[in-house]
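Let's take a friendly walk through a protein model, with its aromatic rings as our guide. Please have a look at the sequence and structure first.

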Amino acid sequence: GTSDLNVSAVALLTGTDFSIDSETCTGAPVAPTASCTVNVVFSPTSAALLSDTVQITSDAPTSIDTASVDGTGVQGAIAIVSPATLDFGSVGVGLTSPPLTAQLTNTGNEPLAISAAPAVVGNADFVLVNETCSDAAVLQPGEDCLAEVQYSPSAVGPSLGGTLDFTTDLGTSSVVLAGDGVVGPIASVSPPTLDFGVVGVGNSS
């Protein structure tokens, strides 16, 4: 529109399985062409496809404006890995990157059994250097474990095909490993000679 939007309320129609975590719509007018955000949290109370409606009350002619939210509640453990990709960027051939960390989290409501220690497969340029998952054995709901990977490119160019695999009783969850081998640092001095010419004794050039 061409004038400020005044939002008086942001609410959920039922609020049973969804809740508003935060929002930036109330408290100050929303300027023309600007936007505000509503962050909604999903906490299912049953194993089913669940939905609700976000209602935004304002002085707009269309008020009350709505947005649908939905999610599926499930019973049991849920294995979630993050991030989806560990990208090491450009690293000199023959050098080793600092470690990057991936996380396995049980977002379900029952214990998650770890079947094997995390493993790097598919590309020898990536190496597992530390992990806490085999120590845990079982992740209770809300718990997580970590794995650290380093990258040492063996050749110039992208290193493809590597994954970090977390194996649980639900199967294997993988993090994609990415990196690009580049020519390592080369030290050079320029110019090779500094010629100060003729300078009088007691003077400085």
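The paragraphs below follow the aromatic pairs and the strands that carry them. Keep in mind that this is a predicted model. A search of the whole structure turns up 4 aromatic pairs, and we will visit two of them.

Start with Phe18 and Phe42. Their ring centres are 4.6 Å apart and their planes meet at 20°, so this pair is stacked; planes must be under 30 degrees apart for that label. Along the chain, these partners are 24 residues apart: Phe18 belongs to strand 2 (residues 18-23), while Phe42 sits in strand 3 (residues 38-42). The pair therefore links distant parts of the chain. How buried or exposed is each ring's residue? Phe18 has a relative accessible area of 4%, so it is buried. Phe42, at 29% relative accessibility, counts as partly exposed, because that class lies between the 20% and 50% cut-offs.

Now move along to Phe88 and Tyr151. These two rings lie 5.7 Å from centre to centre, with 40° between their planes, and the pair is tilted. Here too, distant parts of the chain are linked: Phe88 is in strand 7 (residues 85-92) and Tyr151 is in strand 12 (residues 144-151), 63 residues apart. Phe88 is buried, its relative accessible area being 11%, and Tyr151 is also buried, at 0% relative accessibility.

Which residues make up the aromatic cluster that includes Tyr151? Phe88 and Tyr151 are joined by Phe126, and these residues form one aromatic cluster.

Note on methods
Residues numbered from 1 in each chain as written. Predicted model: local features only at pLDDT ≥ 70, side-chain atom pairs only at ≥ 80, totals over all residues. Heavy atoms only, no water. Phe/Tyr/Trp six-rings, centres within 6.5 Å; stacked < 30°, edge-to-face > 60°. Helix = DSSP H or I, 4+ residues; strand = E, 2+ residues; numbered from the N terminus. Buried < 20%, exposed > 50% of the residue type's maximum accessible area, 1.4 Å probe, protein only.
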